[in-house]
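Please look over the chain shown below before reading on. The report that follows starts from a single residue, widens to the whole chain, and then returns to its helices and loops.

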Amino acid sequence: MLLHESLLYSIFPLHVGMRQYWRDFDSLEAWARALPHQKWWQDFMRDSGGTAFWHEAYFVRGGMEAVYVGLDAPFGFSRFAPVQAAEGAMFSARQRIRKEEKTRP
């Protein structure tokens, strides 16, 4: 990771987040698949404890992808872009990105 910023979007309802800038997708993917993030994500997917999660990625060479878990209303990209469930091959960010590259003119 090259840079990390903590953000407070609103106090009520509480909405906090972080912005991260990564050197490249491989670095982000390696971090996401390693401990402790890997265990945190597995635990979160089993029981979110009422916490919602969203992740959006913008790529320097174009394209974007996002994950939304437990949100009550459309948020971010999902307010204007098609949504597809992250199941099967679409559960993998690398697979979602490859699918995007293949469909781009």
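Is Glu-65 buried or exposed? In this predicted model, Glu-65 is buried, because its relative accessible area is 8%, and a residue counts as buried under 20%.

**Glu-65 and its surroundings**

Glu-65 is found in strand 4, which runs over residues 64-69. When its neighbours within four places in sequence are left aside, Glu-65 is in contact with His-55, Glu-56, Ala-57, Phe-59, Phe-77, Ala-93, Arg-96 and Ile-97. With one of these residues, His-55, the side chain of Glu-65 makes a polar contact of 2.9 Å, and with another, Arg-96, the side chain of Glu-65 makes a polar contact of 2.6 Å. Phe-77 also appears among the contacts of Glu-65; the two residues are 12 residues apart along the chain, and their C-alpha atoms are separated by 8.3 Å.

The distances quoted in this report that involve polar atoms are gathered here.

| Pair | Atoms | Distance |
|---|---|---|
| Glu-65 and His-55 | side chain to side chain | 2.9 Å |
| Glu-65 and Arg-96 | side chain to side chain | 2.6 Å |
| Ser-78 and Phe-75 | side-chain polar atom to backbone oxygen | 2.7 Å |
| Asp-24 and Asp-26 | side-chain oxygen to backbone nitrogen | 3.3 Å |

**The chain as a whole**

The secondary structure of the chain comes to 3 helices and 4 strands, and these elements follow the pattern β-β-α-α-β-β-α when read along the sequence. The C-alpha trace spans about 45 × 30 × 25 Å along its principal axes. Of the 105 residues in the chain, 17% are buried, and the chain exposes about 8,400 Å², of which carbon and sulfur atoms supply 57%. Among the contacts with a separation of 6 or more, 24% are accounted for by residues 24 or more positions apart. The chain carries 13 positive and 12 negative charges, and the mean positions of these two sets are 5 Å apart.

**Helices 1 and 2**

Helix 1 covers residues 25-33, and its buried residues are Phe-25, Leu-28 and Glu-29. They lie on the same side of helix 1, because they cover an arc of only 95 degrees around the axis. At the N-terminal end of helix 1, Asp-24 acts as a cap, with a side-chain oxygen 3.3 Å from the backbone nitrogen of Asp-26.

In helix 2, the residues His-37, Trp-41 and Phe-44 are buried. They cover an arc of only 65 degrees around the axis, which means that they are on the same side of helix 2. The buried residues of helix 2 pack against helix 1, strand 3 and strand 4, and the last of these elements is the one in which Glu-65 is found.

Pro-36 is found in the loop between helix 1 and helix 2, and the peptide bond from Leu-35 to Pro-36 is cis, with omega near 5 degrees. As background to that assignment, most peptide bonds are trans.

**The loop between strand 4 and helix 3**

Which residues does Ser-78 touch, not counting those up to four places away in sequence? Ser-78, which lies in the loop between strand 4 and helix 3 (93-103), touches Tyr-68 and Val-83. Ser-78 counts as buried because its relative accessibility is 19%, and a polar atom of its side chain lies 2.7 Å from the backbone oxygen of Phe-75.

Pro-74 has its place in the loop between strand 4 and helix 3, but Pro-74 counts as exposed because its relative accessibility is 57%. The C-alpha atom of Pro-74 is separated by 22 Å from that of Gln-20, a residue 54 residues apart from Pro-74 along the chain.

Key:
Residues are numbered from 1 along each chain as its sequence is written. This is a predicted model: local features need pLDDT of at least 70, side-chain atom pairs count only at pLDDT 80 or more; totals for chains, interfaces and linings use all residues. Side-chain values use heavy atoms; hydrogens and water are left out. Buried means under 20% relative accessible area, exposed over 50%, partly exposed in between (1.4 Å probe, protein chains only). Helices (H or I, at least four residues) and strands (E, at least two) are DSSP runs, numbered from the N terminus. The arc is that of the directions from the helix axis to the C-beta atoms. A polar contact is a pair of N or O atoms within 3.5 Å; within protein, one must be able to donate a hydrogen and the other to accept it, and residues adjacent in sequence count only if both atoms are side-chain atoms. Contact means heavy atoms within 4.5 Å. Accessible areas come from the Shrake-Rupley method with a 1.4 Å probe; for residues, only the protein chains shown count as cover. Lys and Arg count as positive and Asp and Glu as negative; His and the chain ends are not counted. The place of a charge is taken as NZ of Lys, CZ of Arg, CG of Asp or CD of Glu.
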